[in-house]
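Here's a short set of exercises on helix geometry and packing. Try each one on the coordinates before you read the solution.

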Amino acid sequence: MLWFVPTLIGLMIITFTISHIIPADPVAFFAGENATAEQIEALRARYGFDKPLHIQLVNYLIGVTQGDLGISIYTQRPISEDLLARLPATMELTFMAVFFSTIVGVPLGVFAAVYRNSFLDHFLRVLTVSGLAIASFWLAILFQLLFAMELQITPLQGRIDGWGPEPITGFFILDSLIVADWESLKSALSHLVLPTLTLAFPAMATIVRFTRAGVLDAINSNYVLYEQAMGLPSNLIIWKYVLRNALIGTVTQIGLIFGILIAGAVVVEAVFDWPGLGLYAVEAILNSDYNAIMGFTLVTGAFFIIVNLVVDILHGVIDPRTQG
Amino acid sequence: MFESAKFIISKLAKDRTSLVGACLIAGLILIALFAPLLAPYPQDVTEFHPPERLLGPSMSHFFGTDRMGSDIFSRMLFGARITIAIAVIAIGVSVLIGVPIGLIAGYNKNWISDGLMRVSDIFLAVPQIILAIAIAQTLGPSIENVILALSATYWPFWARLVYAETRSALTETYVEASIALGASPFRVMVFHVLPNISSSIIVRTTIGMGGTILTAAALGFLGLGPPAPSPEWGRTIAESREFLPEAWWYATAPGVAIFLVVMGFNLFGDGLRDILDPRTRRSHDG
């Protein structure tokens, strides 16, 4: 808890150092070959690149505390505005992936534990091992080949056909529900299918693994033996008492799962042309837009740190034994 | 030492999944070593044959040809060299940085050890691929820079692990005894603590290989890996995208290759962990 702010400042210093150790001059690169020395100087002054490094670092840190991540050399807009505009697309996709991987992963994990060493358990083990070994960009391409190109039952890429619903929250599903725009809702949902499946697959594999291990641990405990002796129906024991204890372990892995999802989003968004933060980062890479890459790194890092903080607090609430 | 190695090998040989993993890894190493002998067209790593571009799989081109008319099978074999070089060097550097830092931070209890652990916490606070993207982008696309980016982002895993293991080893009697006998801190760390925590380091290193290969391939896919005409697997998948769905074979070979190799390290690592690190044993049979 206490380390939240120092960790963020440390992260800022690291991203700043990375972006400023380069010998290449981003301004000269952007200004083009025909720019005069004065024009390059003027551009430098505009982006603050003419000041000494430590002054630049202090200015950057002060800017960040005021929500100013600098100006993107490529889009010529404030990076914080760019990132904010892209955020809903990534959040919508990530939320769907979390939802899908949990709703499928937890029951599968329970079944694998209850019917351990059955055909289902072996099949799920192969599936989870594959989920953690497959490159998500390749899986994305396989899905595109099969569902979008061969069977043509889902769109190939993008987030929606046409302009989308009236922007209120920026979440297309919510917005189209609010204004009762069913065409947009259908389009938004169909565009979500493939990116969600791709993103959710490794996360689901992780959830199945941890739920299975958690249920197996809980199933052998004394209270389960007691409940069985009391004659409680086994379904009730499993889905109510065992699952609750098993999920404690799974909840602590949410941080890990978010890590998988954020890392996956960069490549998945690139393949599906999904206009979120990940695609923004990839575009920034292609355009050598250093400020934008650093802004993206900082924002995802901060988000990740906050998620882990919340998980720590949640863990203490669910399982009081870990406090102290 | 020799006895324990024999024990581990005999245990591993009985576990079917780790045996599969070991075979996959051995296959990768053999392919990387003998790529020039195994490849039907070794010159196709750099040579182009535009008239033969985008041919489907056949007896003369097992996995078809790519956009330049080069034999994909031959290029994949040479791609194994890049994959193994990146993974082995990046992980090796991470271990060489992380293990001493973890040992020093774990053995001492002062501001230096706090500082070292805080720095590694900052690196662990961000998903590895994000920092690796930032570093690889700044330095420019090349094999060396991918290795640098991965080493710079992966070392904290070993620092954290070794730190925790060293702290718990310090409470053991054998460490206390050697300190009481007047052994220097260096001697205690290197000759007494390190051998006793080596099994956790080995397990972490094996499992880390799979993740590193996936991240390296993702960097290649995003155009941050070695530049064209490198036969790097991730880059090949990226190249194939504009020729889909007609050239379906183009992305298949590198995709399957990455999958099998990562699977090999994951299975082997799981098996090793079961034998060497009983505390975290996966619940096999309840």
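**Exercise 1: helix length and bends**

Work out whether the length of helix H5 (residues 79–114) of chain A agrees with the expected span.

Solution. Helix H5 of chain A has 36 residues, which at 1.5 Å a residue should span 52 Å. Its end C-alpha atoms are 50 Å apart, so the two values agree. The expected span is 1.5 Å times one less than the number of residues, and helices are DSSP runs of H or I with at least four residues, numbered from the N terminus (strands are E runs of at least two).

Before going on, note that this is a predicted model: local features need pLDDT of at least 70, side-chain atom pairs count only at pLDDT 80 or more, and totals for chains, interfaces and linings use all residues. Residues are numbered from 1 along each chain as its sequence is written, while chains are lettered from A and ligands numbered from 1 in the order in which they are written.

Next, locate the bend in H5(A). It sits at A:Leu87 and comes to about 35°; the bend at a residue is the angle between axes fitted to the seven residues ending there and the seven starting there. A proline, A:Pro88, follows within four residues.

**Exercise 2: a helix that falls short**

Do the same job for helix H9 (residues 185–221) of chain B.

Solution. A straight helix of 37 residues would span 54 Å, but H9(B) spans only 46 Å between its end C-alpha atoms. Now look along the helix: H9(B) bends by about 55° at B:Leu194, with the proline B:Pro195 following within four residues. After H9(B) comes B:Gly223, with a positive phi near 85°.

**Exercise 3: packing inside chain B**

Describe how H9(B) packs on helix H4 (residues 72–107) of chain B.

Solution. Start with the axes: they come within 8 Å and cross at roughly 145°. Axes are lines fitted to C-alpha atoms, for helices over the stretch in contact, and angles run from 0 to 180 degrees between N-to-C directions. The crossing of H4(B) and H9(B) is right-handed (the near helix is turned clockwise from the far one by less than a right angle; anticlockwise would be left-handed). Then list contacts, meaning C-beta atoms, placed from the backbone, within 7 Å. The H4(B) side includes B:Ile86, B:Ala90 and B:Tyr107, and the H9(B) side includes B:Leu194, B:Gly208 and B:Ala216. By class, this contact has 16 nonpolar, four polar and no charged residues (Ala, Val, Leu, Ile, Met, Phe, Trp, Tyr, Cys and Pro count as nonpolar, Asp, Glu, Lys and Arg as charged, and the others, Gly among them, as polar).

**Exercise 4: a pair in chain A**

Decide how H7(A) and H12(A) are oriented to each other.

Solution. Their axes come within 9 Å and cross at roughly 30°. H7(A) and H12(A) are therefore roughly parallel (angles under 35 degrees count as such; over 145 is roughly antiparallel, 65 to 115 roughly perpendicular and the rest oblique). H7(A) passes H12(A) in a right-handed crossing. Among the residues that meet are A:Phe137 and A:Ile141 in H7(A), and A:Val267 and A:Phe272 in H12(A). This contact has seven nonpolar, two polar and no charged residues.

**Exercise 5: between the chains**

How many residues does each chain give to the contact?

Solution. Chain A gives 43 residues and chain B gives 37. H14(A) supplies the largest share of the chain A side, eight residues. By class, that side has 30 nonpolar, 10 polar and three charged residues.

Terms used: Contact = placed C-beta atoms within 7 Å.
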